[in-house]
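Here is a note for a colleague who is opening this entry for the first time. Please read the points below with the sequence and the model side by side.

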Amino acid sequence: QLTPGHVLGAGGSGYLTGVSQIMSGAGHICTLKTDGTVWCWGGNYYGQLGINNTTNQLVPVQTFFP
């Protein structure tokens, strides 16, 4: 069972704020922030985080979807 909690911010500093939407996939989560940016973290085995690599991310990173 999962327990809701705060999400660390970029680089593991502070907390992720300004989130307007949350999307989840199989092993990863993405958020849309109120400023229009998208931040994702979790499994990235096939590049699903949109960060131009396949490195898993433990904290949110800004994604760059075309």
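1. On burial, a residue is called buried when its relative accessible area is under 20%, exposed when it is over 50%, and partly exposed in between, with a 1.4 Å probe and protein chains only. By that standard asparagine 52 counts as exposed, at 77% relative accessibility. The structure is a predicted model, in which local features need pLDDT of at least 70 and side-chain atom pairs count only at pLDDT 80 or more, while totals for chains, interfaces and linings use all residues. Residues are numbered from 1 along each chain as its sequence is written, and side-chain values use heavy atoms, with hydrogens and water left out.

2. On the overall fold, the protein has four strands and zero helices, and its elements, read from the N terminus, run β-β-β-β. The radius of gyration is 11 Å, close to the 11 Å that the globule rule gives for 66 residues, so the protein is as compact as a globular protein of that length. Here the radius is taken over C-alpha atoms, and the rule is 2.2 Å times the number of residues to the power 0.38. Helices (H or I, at least four residues) and strands (E, at least two) are DSSP runs, numbered from the N terminus.

3. On extent and packing, the C-alpha atoms fill a box of roughly 30 × 25 × 20 Å along the principal axes, and buried residues make up 30% of the 66 residues. Taking contact to mean heavy atoms within 4.5 Å, one finds that, among contacts between residues at least 6 apart in sequence, 17% join residues at least 24 apart.

4. Which residues line the largest pocket? They are Gly5, His6, Val7, Leu16, Val19, Ile22, Ser24, Ile29, Thr31 and Trp41. The elements that give two or more residues to this lining are strand 1 (19-24) and strand 2 (28-33), and strand 1 gives the most, with three residues. About 190 Å³ of space lies in this pocket. On a 1 Å grid over the protein atoms alone, a pocket is an open set of points where a 1.4 Å probe fits, with protein on both sides within 12 Å along at least five of seven lines, and lining residues have an atom within 4 Å of a point. Grid points are joined across faces, edges and corners, and the volume is the space filled by probe spheres set on the points.

5. On the character of that lining, six residues are nonpolar, four are polar and none is charged. In this scheme Ala, Val, Leu, Ile, Met, Phe, Trp, Tyr, Cys and Pro count as nonpolar, Asp, Glu, Lys and Arg as charged, and the others, Gly among them, as polar.

6. Asparagine 44 deserves a look, in the loop between strand 3 (38-42) and strand 4 (57-62). Is asparagine 44 buried or exposed? Asparagine 44 is buried, with a relative accessible area of 0%. Its side chain reaches the backbone oxygen of threonine 55 at 3.2 Å, and threonine 55, which lies in the loop between strand 3 and strand 4, is partly exposed at 45%. Leaving aside neighbours within four places in sequence, asparagine 44 is in contact with Leu49, Ile51, Asn53, Thr54, Thr55 and Asn56.

7. Asparagine 52 also has its place in the loop between strand 3 and strand 4. The phi of asparagine 52 is near 65 degrees, a positive value in a residue other than glycine. For background, most residues other than glycine have a negative phi.

8. In strand 2, histidine 28 and cysteine 30 can be read together. Histidine 28 is buried, with a relative accessible area of 16%, and among the residues it touches beyond four places in sequence are Trp41 and Leu49. Cysteine 30 counts as buried at 10% relative accessibility, and the residues it touches beyond four places in sequence include Ile22, Met23 and Cys40.

9. Glycine 27, in the loop between strand 1 and strand 2, counts as exposed at 56% relative accessibility. Glycine 27 and glycine 42 are 15 residues apart in sequence and 5.9 Å apart in space, C-alpha to C-alpha.

Note on methods: A polar contact is a pair of N or O atoms within 3.5 Å; within protein, one must be able to donate a hydrogen and the other to accept it, and residues adjacent in sequence count only if both atoms are side-chain atoms.
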